[in-house]
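The following report describes one protein model for a reader new to structural work. Please keep the sequence and the structure in view while reading.

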Amino acid sequence: MASGVLRMMGNVSVSTLTRPKDILRETKKTIYSKPPRNKIGATQSFFVISVFAVAMLTPAAWILHHLPEYRQRSHRTPRH
């Protein structure tokens with residue numbers, strides 16, 4: 001499959017492509033084998049997830065709440 005991809009790419013040299021061994025080496029550098037320094041409890045996890053959900057859903061809720069007002073504005077001012 002890789003040779004087919006290389007044939008389709010044409011003049012791209014093989015040295016510019018990332019080899020699987022290089023990717024594996026990069027991945028291994030970021031994996032830590034030690035346990036975490038600070039354990040995160042269930043309460044803290046729940047709080048963080050809740051804050052994230054509120055931050056993501058607030059703009060959508062605001063728009064949906066004010067949707068009737070936006071519709072009225074569009075009917076009042078005709079578009080030319």
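How much area does the protein expose, and what share of it do carbon and sulfur atoms supply? The protein exposes about 8400 Å² (Shrake-Rupley method, 1.4 Å probe), and carbon and sulfur atoms supply 65% of this area.

The model is predicted, and local features need pLDDT of at least 70. Residues are numbered from 1 along each chain.

The protein has four helices and zero strands (DSSP runs of at least four and at least two residues, respectively). Buried residues, those under 20% relative accessible area, make up 1% of the 80 residues.

Confidence is given as pLDDT, on a scale from 0 to 100. The protein averages 78, and 59% of the residues score at least 70. The table lists the helices with the lowest and highest confidence.

| Helix | Residues | Mean pLDDT |
|---|---|---|
| H1 (lowest) | 2-9 | 63 |
| H3 (highest) | 42-65 | 96 |

Where pLDDT is low, the predicted coordinates should not be read in detail.

Helix H3 has 24 residues, and at 1.5 Å a residue (times one less than their number) it should span 34 Å; this agrees with its end C-alpha atoms, which are 32 Å apart. H3 bends by about 35 degrees at leucine 57 (the angle between axes fitted to the seven residues ending there and the seven starting there), and proline 59 follows within four residues. The number of buried residues in H3 is zero, so this helix lies largely in the open. Valine 48 has its place in H3.

Terms used: This is a predicted model: local features need pLDDT of at least 70, side-chain atom pairs count only at pLDDT 80 or more; totals for chains, interfaces and linings use all residues. Side-chain values use heavy atoms; hydrogens and water are left out. Buried means under 20% relative accessible area, exposed over 50%, partly exposed in between (1.4 Å probe, protein chains only). pLDDT is the predictor's confidence in each residue, from 0 to 100.
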